[in-house]
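Open the model in your viewer and keep the sequence panel in sight. The tour below goes from stop to stop, saying what to select and what is there.

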Amino acid sequence: VDSTDTAAFDEAHERLLLDLADQAGEWIRLAWEINQLRVKGDQLETLVDMGQVIISEDELEEVLQRVSEDSLRLMKARLCSIMLLSEDGDELSLKAWAGASSAYIDRPNLRVNESLVGVVLKTLKPMTVLDVQKNQQFHQTELARKEGLVSLLTVPLVFQDKALGVLSVYTPKLHRFANEEIRLLTAMAGLSS
């Protein structure tokens with residue numbers, strides 16, 4: 001609160017303004033909590049829907065495509081991809097995607113030992129990259145620039161302690177993935193596996 005008059009405010013004004021700020025803070029906190037509950041509800045609904053699709057579908061390709069589309073929507077990502085491990089365990093091939101251009105879809109398979117996402121398969125742990133366009137271990141930086149891909153979260157697809165592939169999401173701008181987002185994508189990967 002400003003005034004053009006000198007000494008326009010006294011202690012009563014200050015107390016009143018502090019009370020108003022406390023009330024405003026409480027309303028903001030309540031609005032944030034309501035929004036968080038809404039987001040969690042959407043996440044749970046998507047997980048349930050995805051589980052029903054997995055149970056009802058016979059075709060692997062349809063299930064993987066639905067998982068990639070749901071992951072894209074749920075994570076508010078620019079691109080989502082599912083890559084599966086070859087039988088010999090040497091390569092990852094793209095099996096499903098959402099938000100990808102033909103340049104991304106037509107790219108060659110990734111060699112597990114030479115790719116950044118290969119680390120996820122070896123450790124069986126999620127990985128985040130703040131900016132793939134500037135990460136020296138990410139080999140397709142030019143493609144990332146063209147596609148508008150910046151931050152990456154990739155989680156392993158694991159079944160009975162065996163790596164099957166990876167589920168990855170990319171954002172269009174710098175994004176530090178929160179632990180809750182990592183847990184959510186990991187849950188989607190576990191359900192998919």
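## A buried acid and its partner

Select Glu 147 to begin: at 5% relative accessibility, Glu 147 counts as buried, because buried means under 20% relative accessible area. This is a predicted model, so the values on this tour are computed from predicted coordinates.

Now add Arg 78 to the selection. The side chains of Arg 78 and Glu 147 meet in a salt bridge, at 3.9 Å from N to O. Arg 78 lies in the loop between H2 and S1 and Glu 147 in helix H5 (residues 141–147), so this pair ties together parts that are 69 residues apart in sequence. Is Arg 78 buried like its partner, or partly exposed? Arg 78 is partly exposed, with a relative accessible area of 29%.

Keep Arg 78 and select Ala 103 as well. Arg 78 and Ala 103 are 25 residues apart in sequence, and their C-alpha atoms are 15 Å apart in space.

## More salt bridges

How many salt bridges are there in the model? The count comes to seven. In general, side chains of opposite charge can pair when their charged atoms come close.

Select Glu 91 and Arg 111. Glu 91 forms a salt bridge with Arg 111, and the closest N and O atoms are 3.7 Å apart. Glu 91 lies in strand S2 (residues 91–98) and Arg 111 in strand S3, so the pair ties together parts that are 20 residues apart in sequence. Glu 91 is partly exposed, with a relative accessible area of 27%. Arg 111 also counts as partly exposed, at 38% relative accessibility.

Next, select Asp 70 and Arg 66. These two form a salt bridge in which the closest N and O atoms are 3.0 Å apart. Why are Asp 70 and Arg 66 separated by about one helical turn? They are four residues apart in helix H2 (residues 60–75), which means a separation of about one helical turn. Asp 70 is buried, with a relative accessible area of 5%, whereas Arg 66 is partly exposed at 29%. Add Arg 73 to the selection: Arg 66, Asp 70 and Arg 73 are linked in a network of salt bridges.

## The second largest pocket

Clear the selection, then pick Leu 110, Ser 115, Leu 116, His 139 and Gln 140. Of the 17 residues that line the second largest pocket, these lie nearest its centre. The volume of this pocket is about 190 Å³.

Which strands each supply at least two residues of the lining? Strand S1 (79–85), strand S3 (110–111) and strand S6 (162–170) do. Colour the lining by residue type, and the residues divide into seven nonpolar, seven polar and three charged.

## A stop after strand S6

Select His 175, whose place is in the loop between S6 and helix H6 (179–192). His 175 is partly exposed, with a relative accessible area of 28%. Add Leu 152, which is 23 residues from His 175 along the chain. The C-alpha atoms of His 175 and Leu 152 are separated by 8.4 Å.

## A nonpolar patch on the surface

Go to the start of the chain and select Val 1, Phe 9, Leu 16, Leu 17 and Leu 20. Together they form a nonpolar patch on the surface, with about 510 Å² of accessible area. Within the patch, pick out Phe 9, which is placed in the segment before helix H1 (11–56). Phe 9 counts as partly exposed, at 44% relative accessibility.

## Two positive phi angles

The last stops concern the backbone. Most residues other than glycine have a negative phi.

Select Ala 7, which is found in the segment before H1. Ala 7 is not a glycine, yet its phi is positive, at about 55°. Is Ala 7 buried or exposed? Ala 7 is exposed, with a relative accessible area of 73%.

Finally, select Leu 124, in the loop between helix H4 (118–123) and strand S4 (127–129). Leu 124 has a positive phi of about 55° although it is not a glycine. Leu 124 is partly exposed, with a relative accessible area of 34%.

Technical notes:
Residues numbered from 1 in each chain as written. Predicted model: local features only at pLDDT ≥ 70, side-chain atom pairs only at ≥ 80, totals over all residues. Heavy atoms only, no water. 1 Å grid on protein atoms, 1.4 Å probe; cavity = no way out; pocket = protein on both sides within 12 Å on 5 of 7 lines; lining within 4 Å. Points joined across faces, edges and corners; volume = space filled by probe spheres on them. Nonpolar A, V, L, I, M, F, W, Y, C, P; charged D, E, K, R; others polar. Patch = residues over 30% accessible without salt bridge, like charges linked within 9 Å, V, L, I, M, F, W, Y side chains within 5 Å. Areas by Shrake-Rupley, 256 points an atom, 1.4 Å probe, with all protein chains shown as cover. Salt bridge = Lys/Arg side-chain N within 4 Å of Asp/Glu carboxyl O. Buried < 20%, exposed > 50% of the residue type's maximum accessible area, 1.4 Å probe, protein only.
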